[in-house]
Amino acid sequence: MAGRVLITGCSSGFGLEATVALARRGWVVFASMRDLGRRDRLEDALYVARINHGVELVELDITDTGSVERAVASVLEKAGGRLDALVNNAGISAGGTFEDMDADEFRRILETNLFGVLNVTRAVLPAMREHRRGRIVNVTSSGAFFGSPGLSAYAASKWAVEGWAESLAMEVTPFGIHVICVEPGAYRTEIWNSSPRTIPADSAYAEAAGSVERFVEERLIPNARDPREVGEMIAKALEARQPRFRYPVGPDAVVQHVARGKVPNRMVRYGMRRLIGLDPPGH
Ligand SMILES: NC(=O)c1ccc[n+]([C@@H]2O[C@H](COP(=O)([O-])OP(=O)(O)OC[C@H]3O[C@@H](n4cnc5c(N)ncnc54)[C@H](OP(=O)(O)O)[C@@H]3O)[C@@H](O)[C@H]2O)c1
């Protein structure tokens with residue numbers, strides 16, 4: 001059931017892995033990235049996987065509507081007007097407590113993770129509707145439903161995409177279009193290196209922010225998993241006969257998925273504080 005798919009953010013991480021997983025299955029992949037100068041890693045991965053056809057590189061910055069329109073127009077032209085799937089994968093993160101993060105930085109996260117996703121989806125929907133067929137996979141996060149300290153902008157952006165996607169799914173089902181959320185836990189990708197973390201020296205939250213920082217560096221990143229799992233899950237969601245709406249990926253994501261709505265928020269917060277080490281000794 002291979003078809004034509006446009007993926008955003010293919011210079012590294014899940015976008016790269018999804019490109020390899022889908023090309024291997026015979027999909028024609030329009031692998032997009034905002035800077036084609038960063039194509040080396042993808043090209044190396046394709047070489048190692050011995051994939052030498054079926055992948056077209058496309059320049060696409062999801063925050064720039066002109067770039068989105070140009071990219072989608074060229075993809076549709078090459079695909080004969082028919083696109084079977086879109087993977088909204090590109091995303092960014094930034095750490096810092098809400099008060100320490102300035103408003104522009106907060107907005108930058110939403111411009112990419114929420115409005116960027118809307119920009120690309122808006123551009124592909126007319127063609128999918130016309131052909132009464134399509135799948136739109138949004139890479140959200142298991143963290144969308146479990147806010148954590150120092151990640152409010154990221155959690156807000158992913159939670160927003162989940163809410164939007166639930167609504168969109170109901171609007172477009174009559175046109176044969178499935179909307180899906182792939183929700184990974186912690187995976188070893190560039191996002192951990194590229195995300196700025198704001199902890200001003202005079203922060204009122206310095207101690208807690210330091211605990212979060214230690215938790216991320218000492219526990220989260222060393223235990224992060226192989227991103228190929230997410231590439232495979234994206235492929236699975238695109239090829240499932242009856243796709244589900246949500247696909248948690250990784251044991252942490254599955255636990256969070258199952259616990260969602262069942263464990264009282266008070267207990268979630270207690271567990272999170274203990275895990276991160278936010279409670280002073282003796283509490
Ligand atoms: N890694 C995890 O643990 C994890 C967990 C849950 C969810 N996620 C989500 O998974 C998705 C992929 O992230 P990743 O972990 O694979 O990180 P990654 O390796 O940093 O990949 C992110 C990709 O997004 C691209 N990108 C960023 N801004 C863009 C823009 N404006 N236009 C087009 N592309 C843009 C990056 O391009 P450049 O190379 O040009 O920067 C890069 O190709 C993100 O939505 C992220 O939030 C990640």
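Does Arg50 count as buried or exposed, and how many C-beta neighbours does Arg50 have inside 10 Å? Arg50 counts as exposed, because 7 C-beta neighbours lie inside 10 Å, and a residue with 12 or fewer falls in that class. The model under discussion is predicted. Arg50 belongs to the loop that links helix H2 (40–48) to strand S3 (55–59). Its backbone is notable in one respect: although Arg50 is not a glycine, its phi is positive, at about 55 degrees. Most residues other than glycine have a negative phi.

A second arginine shows this feature. Arg132, likewise not a glycine, has a positive phi of about 50 degrees. Arg132 sits in the loop between H4 and S5. Arg132 is exposed, because 10 other C-beta atoms lie within 10 Å, a number that falls under the limit of 12 or fewer.

The loop of Arg132 leads into the strands, which may be taken in turn from S4. In strand S4 (residues 85–88), Ala85 and Val87 are buried on one side, and Leu86 and Asn88 are buried on the other, so that both faces are covered. Strand S1 (residues 4–7) pairs with S4 through three bridges, in the parallel sense. Within this pairing, Leu6 is placed opposite Leu86 of S4. S4 also runs parallel to strand S5 (residues 134–139), and four bridges join the two. Here Val87 is placed opposite Val137 in S5. From S4 the chain passes through helix H4 (residues 103–131) to reach S5, in a right-handed β-α-β crossover. A further bridge partnership links Ala85 with Arg135 of S5.

S5 itself is mostly covered, with six of its six residues buried. Gly134, Ile136 and Asn138 are buried on one side, while Arg135, Val137 and Val139 are buried on the other. S5 pairs with strand S6 (residues 177–184) as well, in the parallel sense and over six bridges. In that pairing, Val139 stands opposite Val182 of S6. Helix H5 (residues 152–172) joins with S5 and S6 in a β-α-β unit that is right-handed.

The side chains of these strands lead to the nonpolar core. In soluble globular proteins, nonpolar side chains tend to be buried together. The largest nonpolar core of this model has 58 residues, and those with the most contacts inside it are Val5, Val29, Val137, Val182 and Ile234. Helix H1 (residues 13–24) supplies the largest share of this core, seven residues. Which residues does Val137 touch, not counting residues up to four places away in sequence? They are Ala85, Val87, Asn88, Ile180, Val182, Ile234, Ala237 and Leu238. A second core, separate and consisting of five residues, includes Met101, Leu151, Ala153 and Tyr154.

Strand S2 (residues 28–33) offers another view of the interior through Ala31. Ala31 is buried, because 28 other C-beta atoms lie within 10 Å, and 20 or more suffice for that class. Leaving aside neighbours within four places in sequence, Ala31 is in contact with Ile7, Cys10, Thr19, Leu42, Val55, Glu56, Leu57 and Val58. One of these contacts, with Thr19, spans 12 residues in sequence and 6.5 Å in space, C-alpha to C-alpha.

Asp44, in helix H2, provides the opposite case. Asp44 is exposed, because 11 other C-beta atoms lie within 10 Å, a number that again falls under the limit of 12 or fewer. Asp44 and Met272 are 228 residues apart in sequence, and their C-alpha atoms are 39 Å apart in space.

The ligand remains to be described. A total of 31 residues surround the ligand, and the closest are Gly9, Gly13, Ala90, Gly91 and Thr189. Which elements give two or more residues to the shell around the ligand? They are H1, H4 and helix H6 (191–194). H1 contributes the largest share of this shell, three residues; H1 also gives the largest share of the 58-residue core. By residue type, the shell around the ligand comprises 11 nonpolar, 15 polar and five charged residues.

Key: Residues numbered from 1 in each chain as written. Predicted model: local features only at pLDDT ≥ 70, side-chain atom pairs only at ≥ 80, totals over all residues. Pairing = 2+ DSSP bridges. Right-handed = clockwise from strand over helix to strand, strands pointing away. Core = buried A, V, L, I, M, F, W, Y, C linked by C-beta atoms within 7 Å. Contact = placed C-beta atoms within 7 Å. Near = placed C-beta within 6 Å. Nonpolar A, V, L, I, M, F, W, Y, C, P; charged D, E, K, R; others polar.
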